[in-house]
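Trainee: I would like to go through the labels used for this model and hear the reasoning behind each one.

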Amino acid sequence: MKLRNGIGIAATLFTFACGALAADPVKIGLILPMTGPFAAYGKQIDHGVRLYLAKHGDTFGGRKIELVVKDDAPGTAGDVSKRLAQELVVKDKVDILAGFGLTPSAFAVAPVATEAKKPMVVMNAATSAVTTKSNYIVRVSMTLPQITAPVATWAAKNGIKKVFTVVADYGPGHDAEGQFKKTFVAGGGEIVGEVRVPVKNADFAPYLQKVKDTRPDAVFVFLPAGELGVSFVKGFRERGLEQAGIKLIATGDLTEEESVDAHGDAAVGVINSFHYAEAHASPENKAFTEAYAKAYPSDRPNFMAVAGYDGMHLIAEVLAKTGGSVDADKFVDTAKGMKWMSPRGPISIDPATRDIVQTVYVRKVQRVGGKLQNVEFDHIDEFKDPGKQ
Amino acid sequence: MTIVFDGVAAGMLLFLISIGLSVTLGLMNFVNLAHGAFAMLGGYVCVLLLGQAGWPFLLAVPTAAAAAALAGVVLERTLYRRLYAASHLDQVLFSIGIVFMSISAAHYFFGARQQPIMLPDFLLGQFVLPGIDVGIYRLFLIVIGLGLAYGLHWMVRRTRFGAQLRAAVDNPRAARGLGIDVDRVFTLAFALGSGLAGLGGALGVEMLGLDPGFPVKYMVYFLIVVAVGGSGNIHGSLIASLMLGLFDVCGKYYLPQVGAFIIYAVMVVMLIFKPQGLFGRSAAK
Amino acid sequence: MTAVLETRGLVKQFGGFIATSDVSLSVAAGARHALIGPNGAGKTTLINLLTGFLEPNAGAVILKGEDVTHLAQHQRVKRGLVRTFQINRLFADMTVLESVTLSVCERLGYGWNWWRPLAAHGAAVDEAAELLGTLRLLDVAHEKTRNLAYGRQRMIEIALALAAKPQVLLLDEPAAGVPTGESRELFDTIARLPREVTILLIEHDMELVFRFAERITVLVGGALLTEDVPEVIAKDKRVKEVYLGEALHD
Amino acid sequence: MTPAALDLSPLRRAAAWHPAEFAFWLLPPAAYFLFPDYLALLSQIAITALFVLSLDLILGYAGIVSLGQAAFFGLGAYAAGMLGKYGWGDPLLGLAAAAGVAGLIGFVTSFLVLRGADLTRLMVTLGVSMMLFEAANKMTDITGGVDGLQGIEMKPIFGAFSFDLYGKTAYWYTVIVLFLLFLLARRLVNSPFGLSLRGIKQNVLRMPAIGAPVHGRLVTIYTLAAAYAGIAGALLTQTTQFASVDVLAFNRSAEILLILVLGGSGSLYGALIGTVFFMVAHHFLSDINPQYWQFWLGATLVLIVLFARDGIMGLGRAAVARLGRKAP
């Protein structure tokens, strides 16, 4: 009796185990800043990921997707991100690490991905070197040089000879400054002044006055999205730099959809280069923006939401192709060279660097149907990260 | 010249956003780090009235200040008054708690994004005088700042309320003995402090932006002004703000490499030579 | 008798107000010397100048023949010049034994010892306990200072000073605020101190002063008015006028 | 010599090990076996506890308010990081260097910081740490800026125990360092030196009048606390192989102040228990409610200030006292 029972239990357990194996969900650990100064990043990426799952179902390659979100606020503290990654791997037993609002977070987690052999899908962190930190990293967002170079090229080609650069005084700012200078000077332009402004800066008056006094053809700005950009653009208008014949050119994060409304009409006319605009005209984007508006009526989709969406797409496609395998090497091999039509346009994963290759657009801020939009008027196709060349 | 004007305007903005703290910290001797939370409230009220309700700017700003003052009264009546006798450290922690709660609440109600603000046309742009470009909004800030400084100074020094307030702070028991309603005086003073915070917040949105992180982002600036100015001193705060604004703007214009250093360096140097602040009362608790 | 503590032409100004004006005072070794004067005469300022809490604008303080004018307070304490305060300055959250042991430790130079626990410094603890015995504070040795009655706290104020083994003890109104019965006990304790300890006393209660002091200095408006033995001071018309004037003002 | 009437045992008991303390220190080894999945969090708790301890030494014992302790934490973190980057990745060497650098800067800045009253100290410590932050942020080439110092390689401890993914080595390493430094702090606060610090905190004006050199004592403890904070920073770098300018950020200084008050300042165990409580609450609240957990943190703070002034340790003591009254 006892023995039979024992066998019965064992058998039941066995079937359970097998059944569980087949339907075992794929766990994705999303490490994002959900509070603190970069809370908006986490929110947008989270929205993008969930929107994808809502639209395309949550089962790929026969396995259900399960998300575990961890808040690594403030997002700049690598130690926190790393600890969360360790926990996700060790305790929550996730199969894939994803998210990463800011570069330090991605840098700190990279060794965990390598050691634990987990694929790591970077959905924002934009410093060029991120993908070199682990062979399991795939990036679906952008790199800073990638979105900086096109506006420099455009400026050099369109009669802008002298540029004054204004960047936030921190790592990414220094990178943007370097890339702009490199591309712009190579294109025949001249940098007539450069200034690095503190990240906590209440007043741009002295810098703007300096720009005005120097009288360049244009001023190039890179500032973290948020009140700095707003303050700069408003100051630019107030001080009459436009009337003094100075153009405002920037990377697209200055006027990305989430913060452009805070600029108001001051932003109209800003020329910038970026990889995604809500106003991008394509059926994919139309479907995406409509679904987004329905799911999150109080927010506007921006590049981070799209990166979350595309990151999830990449994971889904890989799972479908590998039949649900989450082996890191297999995952990365499958992801390499993958091409698809994203809401932002055609994109692919560079097989050599595992970094994203995409079309970068040159846009101008305009009012479209009462909303401030970045309207694309030029583009560079299949643009690779120039920071790695 | 333009740089000097900008420096004065920047200083005036510092003065506007920190003067409320001069009242609570300086006059009432309460380290209210939640000052920025009241300022944020003023900012949000102002933005909502302008954007959603379409009120005119000049009406929305005082309403924002009134809303912050009202919130100040409510909180003072329920919570703050229990801590008047507590140590500075307790007050710091208590008000940091309020800051955290306000950040989360703002996040909940308004989201994480920057709030837009549209100034009326007559405050936009600048006009050019020989040798100096005058930003109209900056000029507006300077005028309001000077008006406030004068008004407050007059109120504290010349009115009955000011005298009662000073008496109540210096020696509450004696003040009570003189028939002053100390509780009421403190409530009013706290309302004044938070109302001024709200006013500063509303006027500052244009230049400082507004998102849930506001109370923390600018906390350091409020404190610097009050610490350098010496607590409890309207014209001390004014002069400290103007000095910091001028140093900061000129430093950034002429020595942009030094950047954010200047404001901290100025503060530390000043405090080393004048530990009580520029015009401090040495009788701090 | 030689002077153990002297001042020469001490001047202290606060802004335009002259708190101490050209005070030259001499306290003999072993003296029971009192410093009196109406409110605002500058007695406490003078004590603050003697102990180094304030620095004089001019003049010198000489302790046992050494010019200590520019020494820090704790260095003067090390040289035997110790004071009590008019308003208690105690360690509210320490036990009485801890407070006094702290003072003893500082004198014995244990204050920098950071490895062995307090209890292991037997000599210091024993000495503190003995002092508590003399001052009849043993029963509250393990009580926190803040929990004691005012009279006993006043006694601790003196214990802290005595633990520093003063050669010159400056007592700033030791009986201030103490009920009469207790103040008598307090003065008995002071009177029992050995003659090696020179005492300079500031006191308002004239009865106590005349019972205790063997020499009295009168200070008015920051300046010395007169100095003599109690019998002479008691008859001095100027002194009476000064106190009468104060009485009228009150 | 001692009068027979006086029983000295309360004084001895103050420095002797209480059974509850032994029990407390059994927790870290127990946690290793009970929560093997949480070792990374537990190591960070140990590191934060050490950092809070450094603040407790100056604030809780000597009464120096500071909003700039992250300056020393960051210096230590960078000292260890730099060594690791340029090939001297031995962890113990890193700790020593971190303590040295942070202690040296602590010593130098103590002369600025120790002037003035509370508010002045608050602002000067803040100012000093902000300037350090700005300097590190400017020197991206050296510090790696916000992106972090690249290429930190840590050698195994004693050449035998390397840092692993599960955080086992990191855990034992941080806990042992914390324990040793706690022992040192415990000796210190129970010594005459510690007593003199309490004296300074309780009545700074009396201390010179009993012959204590107040300034010298404060400089000493400030320097020592800086070294403690530096070691905590070094531990963070070594266990995460990561250091960015964030280690110098203002919110770290503010956070440990909160933790210390939550736990109860002026008590070493207050610092430790406060850290455990805060970090665990933070961890679970932010898991449950990642966006709004700060609200509950704020509410807790307000309640503590209003109703439980001495923090968790104070509540504990009150509870023990009440039990004690009821029991006999």
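Mentor: What follows takes the labels in turn, for a model that is predicted.

Trainee: Why is the pair A:Tyr52 and A:Tyr309 called edge-to-face?

Mentor: The ring centres of A:Tyr52 and A:Tyr309 are 5.1 Å apart, and rings pair if their centres lie within 6.5 Å. The planes stand at 75°, and over 60 counts as edge-to-face, so the pair takes that label. Over all chains the count is 48 aromatic pairs.

Trainee: What makes this a link between distant parts of the chain?

Mentor: A:Tyr52 belongs to helix α2 (residues 39-56) of chain A and A:Tyr309 to helix α11 (residues 303-322) of chain A, 257 residues apart. Both also belong to a cluster linked by ring pairs, with A:Phe60, A:Tyr276, A:Phe288, A:Tyr292 and A:Tyr296 as further members.

Trainee: Are A:Tyr52 and A:Tyr309 buried or exposed, and how do you know?

Mentor: Buried means under 20% relative accessible area. A:Tyr52 has 4%, so it counts as buried. A:Tyr309 has 7%, so it is buried as well.

Trainee: What makes the pair D:Trp17 and D:Phe22 tilted?

Mentor: The centres of D:Trp17 and D:Phe22 lie 5.3 Å apart with 35° between the planes. Stacked needs under 30 degrees and edge-to-face over 60, so the angle fits neither and the pair is tilted. D:Trp17 has a relative accessible area of 30% and is therefore partly exposed.

Trainee: How do you know that a charge sits over the ring of A:Phe107?

Mentor: The charged end of A:Lys133 is 5.2 Å from the ring centre of A:Phe107, and the limit is within 6 Å. In chain D, D:Lys168 lies over the face of D:Tyr166, at 5.7 Å from the ring centre.

Trainee: Why are α4(B) and α11(D) called roughly perpendicular?

Mentor: The axes of helix α4 (residues 88-110) of chain B and helix α11 (residues 250-263) of chain D cross at roughly 115° and come within 11 Å. The range 65 to 115 counts as roughly perpendicular, so α4(B) is given that label relative to α11(D). The crossing is left-handed.

Trainee: Which residues of α4(B) and α11(D) meet?

Mentor: B:Leu89, B:Leu93, B:Ile96 and B:Phe100 of α4(B) meet D:Leu257, D:Leu258 and D:Val261 of α11(D).

Trainee: What is notable about phi at A:Arg215 and at A:Arg354?

Mentor: A:Arg215 is not a glycine, although its phi is positive, about 55°. A:Arg354 is also a residue other than glycine, with a positive phi near 60°. A:Arg215 is in the loop between α7 (205-214) and β9 (218-222) of chain A, and A:Arg354 is in the loop between β13 (345-349) and β14 (356-368) of chain A.

Trainee: Why is A:Arg215 called exposed, and why is A:Arg354 called buried?

Mentor: Exposed means over 50%; A:Arg215 has 51%, so it is exposed. A:Arg354 has 8% relative accessibility, which is under 20%, and therefore counts as buried.

Trainee: Where is the cis peptide bond?

Mentor: The cis bond joins A:Ala73 and A:Pro74, with omega about 5°. A:Pro74 lies in the loop between β3 (63-71) and α3 (78-90) of chain A.

Trainee: Which chains share the most contacts?

Mentor: Chains C and D do, of the four pairs of chains in contact. Chain B and chain C do not touch, with nearest C-alpha atoms 14 Å apart.

Key
Residues are numbered from 1 along each chain as its sequence is written. Chains are lettered from A and ligands numbered from 1 in the order in which they are written. This is a predicted model: local features need pLDDT of at least 70, side-chain atom pairs count only at pLDDT 80 or more; totals for chains, interfaces and linings use all residues. Side-chain values use heavy atoms; hydrogens and water are left out. Rings of Phe, Tyr and Trp (its six-membered ring) pair if their centres lie within 6.5 Å; planes under 30 degrees apart count as stacked, over 60 as edge-to-face and the rest as tilted. Helices (H or I, at least four residues) and strands (E, at least two) are DSSP runs, numbered from the N terminus. Buried means under 20% relative accessible area, exposed over 50%, partly exposed in between (1.4 Å probe, protein chains only). A charge sits over a ring if NZ of Lys or CZ of Arg is within 6 Å of the ring centre and within 35 degrees of the ring normal. Axes are lines fitted to C-alpha atoms, for helices over the stretch in contact, and angles run from 0 to 180 degrees between N-to-C directions. Angles under 35 degrees count as roughly parallel, over 145 as roughly antiparallel, 65 to 115 as roughly perpendicular and the rest as oblique. A crossing is left-handed if the near helix is turned anticlockwise from the far one by less than a right angle, and right-handed if clockwise. Contact means heavy atoms within 4.5 Å.
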